[in-house]
Amino acid sequence: MDTKYTLQMKNIHKVYFNNKVLNGVNINVKPGEIHALLGENGAGKSTLMNILFGMPVIHATGGFEGDVYINGQLVNVKSPKEAMKLGIGMVHQEFMLIPGFTITENIKLNRETTKHNLISRLLGSSLKTLDKRSMESDARRSLDTLGLEISEKAKVSGLPVGHMQFIEIAREIDKRNIKLLVFDEPTAVLTESEADNLLKSMKKLASTGIAILFITHRLDEVMDTADNITILRDGEVVATKKKEETNVSELALLMVGRKIERNVPSENRKSSEDSEDIMTLKNLRVSMPGEEVKGINLSIKKGEILGIGGLAGQGKIGIANGIMGLYPTRGEVYLKGKKLKLNDPKTMIQNGIGFVSEDRRGIGLLLDSSIQLNIVLTAMQMQNKFLHKIGPITQINNGKVKRHAIKMINNLDVRCQGPQQLTRRLSGGNQQKVCIARALTLEPDILFISEPTRGIDVGAKKLILDLLYKLNKELGMTIVMTSSELGELRSICNRIAIISEGKLEGILSPFDSDVDFGLMMAGEYHKFHKEEA
Amino acid sequence: MDRSIRELMNHLGLPRIIIILFFISICIMAVFLGLPTDMLTNQVLVRIGMNGVLVLAMVPAILSGTGPNFGLPLGVICGLLGTLISIEMNLTGFPGFFAAIIISIPFAVIVGWVYGLLLNKVKGSEMMIATYTGFSVVFLMSIGWIIMPFKSPEMVWPIGKGLRVTISLGERFAEVLNKLWHIDAIIPGFGELKIPTGLLVFFFILCTIVWLFLRSKSGLALKTAGDNPKFAIASGINVDNNRIIGTVLSTVLGAIGIIVYTQSYGFIQLYQAPLMVAFPAVAAILIGGASAQKAHVSHVILGVFLFQGLLTIALPVASSIMSEGNISEALRMIVQNGIILYALTKVIGGE
C-alpha cells in the first residue's frame with residue numbers, strides 16, 4: 001500500500017439492521033493535512049468515526065466491509081484502546097476532563113511519569129511516586145505547542161469553556177505517537193473568538209505533521225482551515241474537493257443536494273420604524289449566567305420581524321429569557337402601554353407572548369412525551385384548552401388534542417410517524433417545529449424565538465426560516481428572533497438590533513453594509529462614527 | 001406474530017422478562033412439588049389487594065419528580081393514627097374502616113405538605129433524605145405511641161403507660177373489605193378458590209382515581225413538573241407546588257394503603273413496625289416497570305402481582321426443597337431483599 005497517507009479508508013460499507021448507512025466510502029488523509037468531513041445529520045459521519053475507532057457498537061451490529069490503512073498498514077481496530085495505540089486521537093465535543101484535577105494531572109491521566117521509591121520497590125510498581133516535575137514540563141510543552149498561556153498547575157474547574165477544549169487537545173498531542181487527530185464538531189460550544197483560536201492551533205498542529213480529520217457543520221470554518229474536503233450524503237461520498245477549487249455555496253449545495261435560496265425579495269421587507277409599538281422594554285436587566293443583560297431600552301413594532309444579534313456571551317440570549325421570567329429580571333416591560341409583571345412566566349403567556357427557547361432539548365421539549373402532548377401542554381395549562389370539564393373535574397380531550405396535533409404536523413411539515421411519536425426520536429429540525437407548534441397553539445401576539453436553527457442541518461434551516469416569514473406575513477404575528485447567525489437574521493428580518501456587552505449597540509436595516517454590522521458586533525460602531533465626524 | 005412478540009418484549013424490558021420467567025418457573029416447581037396451589041393462589045390474591053395501595057402511593061411521588069417515596073412511613077403513621085382514633089371512638093365494621101381513612105387524611109395532608117416543603121429544599125437527593133426522614137419519624141413516633149392519651153383498654157398496656165406493640169382489629173374492622181362480595185368456589189382439579197372481591201375492587205377503584213387524576217389538567221401539570229422542570233417553568237407551571245401536591249397525594253395514599261393492609265392483616269403494629277414499609281412498595285413498582293422518573297398505574301398492577309406472587313410462592317417452594325427446621329424465616333428475608341435489591345439495580349425501567 002501507499003505509505004504517503006496517514007489514514008486511508010477504502011470502500012467502507014456498513015449496514016445497520018438492513019439499513020445501508022455507509023455505501024463504498026473512501027477517504028484519504030496525508031500527514032500534515034487538515035481534512036474536513038462534511039455532511040448533514042445522518043449522513044454517516046459518526047458511523048465512519050465509530051468504525052475508525054473500533055467502537056463496540058460496530059462489532060455488535062455485525063462489523064463492516066472495507067479496509068482501513070494506517071500509515072500504509074492494513075489494520076483491524078477492534079477497540080478504542082487499540083486505536084489509541086495506533087496513534088489515533090479524538091477531541092470530543094463534550095469535555096472529558098476531571099474538574100478537580102490540575103491541567104497537568106488531566107493531561108497525564110493514566111500515563112503518568114513515575115519513579116521508584118522505597119515502598120514501590122517492596123510492593124510493586126503501582127505504588128511508584130509521580131514525577132511531578134517531568135509531568136509538568138511535558139504538559140507545558142503541549143500547552144506551548146497550542147500557544148496556551150495558562151499555568152499547567154491550574155485546576156480545570158475554574159477555566160473558561162474555550163480553554164477546556166484546548167486541554168483536551170493538549171492531552172491528545174501529549175501522546176508521543178499521535179499521528180491522526182479527529183475533531184468532532186469542536187467549535188459547537190465555543191464563542192467565535194475561541195473558535196478562531198482553536199482553528200489557528202489546528203493549523204499549527206498540522207504543520208508539525210499530524211493529520212487532522214475535522215468534522216463540522218460550519219462551512220466558513222471549513223473554508224478557513226481545511227486543505228481537502230470530503231462531503232458525505234446518505235452514506236456516500238458525493239465529492240472530495242480541494243479547498244481552492246470550491247466555495248461555501250457549492251459546499252452547501254453538495255451537502256444538501258438541492259439549491260438553497262434564502263433571501264426573501266427586499267421589496268417585501270419595508271422598514272418597520274413607522275409602525276406602532278407593541279412592546280417596550282425600559283432598562284431591562286437580566287441576570288442570566290453567561291448572557292447578562294445590563295439595561296436595554298428597545299421598542300418592538302407591531303407586525304415586524306425584529307432580529308436580535310450579537311456575539312455569544314454579550315447578552316442577546318438573555319433578553320427573551322428575561323422577559324419570559326426564566327431568569328431574575330429587573331426593569332420595565334410594557335405591552336401595548338400596559339406594564340407587565342416580571343419574573344412570572346404565567347403572566348407573560350397569558351398576555352399573548354409566546355416563547356421558543358434556544359435550549360430545545362432542555363427547556364423546549366418533554367423528550368419522553370408524545371408530539372401531541374408537547375404541542376398542547378402549555379395551552380392546556382394556561383388557557384384551559386383541550387379539556388373536558390365536568391364541574392371541577394377536568395380530563396384531557398384526546399380527540400381534540402390529536403386533531404390539533406395533526407393539523408399542526410401538516411401545517412409545519414413535521415416529519416414523524418404520527419402525533420403519538422416521542423419527541424426524543426425526532427431530528428433536530430422536526431423537534432424545533434414541534435417547539436414552534438407549541439408556541440403557535442397559544443395563539444401569541446408576539447413570538448420570541450431564540451436560535452431557531454441551532455444544531456439543525458442546512459435543509460431544515462431554510463424550512464424554519466420560511467415558516468417564520470410566512471407566520472409574519474400571513475398571520476401578522478410580531479416575531480422577535482434571536483440568532484448568532486447574522487446571515488439568517490438578514491435574510492428575513494425587518495430590523496436587526498445588535499447587542500454588545502449587555503447593552504443595545506444599535507439597530508440596523510438588514511440591507512446595511514457588512515462593515516456596519518461588523519463594527520456593531522464588536523461594539524466599535526459609535527466610537528468609529530464619532531471619530532469620523 | 002414474531003414482530004408483535006418482539007414489540008411486547010421491548011415494551012416490557014429485559015428485567016421484567018427475567019422476573020416473569022422466574023415467576024413462571026417457580027409456579028411450575030410449586031405444582032411439581034405438590035404444594036397446595038389453591039391456597040397459594042388465594043394468598044397471592046389477598047396480598048395483591050392488601051399491598052396494592054401502598055405501591056400505588058409511589059406513582060404521584062415518582063411523577064412529580066421527587067423519586068420513589070422512601071418516606072412512605074410518614075403516610076403509614078398517619079394511617080395508623082387514623083385507625084387508633086377510629087378504635088378510640090369505638091367504631092366497628094365499615095364505619096370504623098371509613099372513619100379511619102377520613103380521620104387519617106387531614107393528618108396525611110398536613111404531614112405531606114410539610115414533607116413536600118422539605119423535599120423542595122433538597123432537590124437532587126430526595127431518595128436518601130426521604131429514607132432517613134421515614135426512619136426518624138418512626139423512631140420519634142415510638143415515643144409518641146407511649147405518651148399519646150389513648151384510653152381504650154383494647155389498645156393500651158394493662159399495666160403502665162402507652163399503646164401496645166400489636167393491637168388486634170378482630171372486634172373492629174378486620175377483613176371487612178376481604179369479606180365484601182367474597183367469592184368462594186370449589187373448582188374440580190384445582191381446589192377451593194377464594195376471591196377477596198371487595199379488597200380487589202377497592203384497590204382497582206383507587207387505581208382508576210389515580211389514573212383519571214393523571215389525565216386531568218392538574219395531573220398533567222404534575223407530570224410535566226416532574227418530567228422537565230425547566231419546560232414546566234417556561235409553560236407557567238409552578239414546579240415546587242406540584243412537587244408538594246405529588247408528595248401530599250403519595251402520603252395520603254400511604255395512609256389509606258396501611259389501613260387497607262391492616263384490615264386484611266387483622267392487626268395493627270406500632271413502634272418499629274413501619275420502619276421498612278417503603279422498601280417492598282418501591283421494589284414492587286420498580287419490578288412492574290417504573291423508573292425513578294416514570295411510573296404508570298399499569299406498573300403498579302403488574303409490579304404488585306409479580307412481587308407479592310414471587311414472595312408468596314417462592315417461600316414454600318424453597319422450604320420444601322430445603323426442609324431443615326427453621327430456615328424458612330431466613331429464606332423469606334433472602335428472597336424478599338434479593339428481589340428488592342434486583343429491582344433497585346434496574347431503576348431504568350421499560351418503556
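Start by selecting chain A: of its 533 residues, 42% are buried. Keep in mind as you click around that this is a predicted model. The predictor gives the whole complex an ipTM of 0.82 and a pTM of 0.73.

**Stop 1: chain A as a whole**

Show chain A as a cartoon and you'll be looking at 20 helices and 24 strands. Turn it around: along the principal axes, its C-alpha trace spans about 80 × 60 × 55 Å. How does the radius of gyration of chain A fit with a compact globule? A compact globule of 533 residues would have a value near 24 Å, and chain A has 26 Å, which agrees. Now think about contacts in chain A with a separation of 6 or more: 67% of them are between residues 24 or more positions apart.

**Stop 2: colour the domains**

Give each domain of chain A its own colour. Domain 1 takes two stretches, 1-86 + 179-260, while domain 2 is 97-175 and domain 3 is 266-532. Next, pick out domain 2 and domain 3 of chain A: their centres, taken over C-alpha atoms, are separated by 44 Å.

**Stop 3: strands β1, β4 and β5 of chain A**

Select residues 7-16 of chain A, which make up strand β1, and add residues 65-70, which make up strand β4. These two run antiparallel and are joined by five bridges. To find one of the pairs, click A:Q8 and look across to its bridge partner in β4(A), A:Y69.

Then add residues 73-75 of chain A, strand β5, which pairs with β4(A) in the antiparallel sense over three bridges. Here A:I70 stands opposite A:Q73. What do β4(A) and β5(A) form together? They make a hairpin, with two residues between them. Zoom in on A:N71 in the turn, where phi is positive, about 50°.

**Stop 4: a four-stranded sheet in chain A**

Now hide the hairpin and bring up an open sheet, with its strands in the order β14-β13-β16-β17 (chain A) and antiparallel pairing. Which strands stand at the edges? Those are β14 (293-301) and β17 (338-339) of chain A; each has a single partner strand, so one side of each is left without a neighbour in the sheet.

Follow β13 of chain A, residues 277-286, along β14(A): the two run antiparallel, with seven bridges joining them. One handy landmark is A:R285, whose bridge partner in β14(A) is A:K294.

**Stop 5: over to chain B**

Switch to chain B, where you'll find 15 helices and four strands. Its radius of gyration is 21 Å, close to the 20 Å that the globule rule gives for 351 residues, so chain B is as compact as a globular protein of that length. Along the principal axes, the C-alpha atoms of chain B fill a box of roughly 60 × 55 × 35 Å. Buried residues account for 46% of the 351 residues here. Among contacts in chain B between residues at least 6 apart in sequence, 76% join residues at least 24 apart. Try colouring by confidence, too: chain B averages a pLDDT of 88, and 97% of the residues score at least 70.

**Last stop: where the chains touch**

Show both chains again. How many residues does each chain bring to the contact? Chain A brings 23 residues and chain B brings 17 residues. On the chain A side, select α12 (345-350), α13 (360-364), α14 (371-383) and β20 (393-396), each of which supplies at least two residues. The most come from α14(A), with five residues. Finish by colouring the chain A side by residue type: 14 are nonpolar, seven polar and two charged.

Terms used: Residues numbered from 1 in each chain as written. Chains lettered and ligands numbered in written order. Predicted model: local features only at pLDDT ≥ 70, side-chain atom pairs only at ≥ 80, totals over all residues. Contact = placed C-beta atoms within 7 Å. Nonpolar A, V, L, I, M, F, W, Y, C, P; charged D, E, K, R; others polar. Rg over C-alpha atoms; globule rule 2.2 N^0.38 Å. Buried ≥ 20, exposed ≤ 12 C-beta atoms within 10 Å, placed from the backbone. Domains from an automatic or database assignment. pLDDT = per-residue confidence, 0-100. Pairing = 2+ DSSP bridges.
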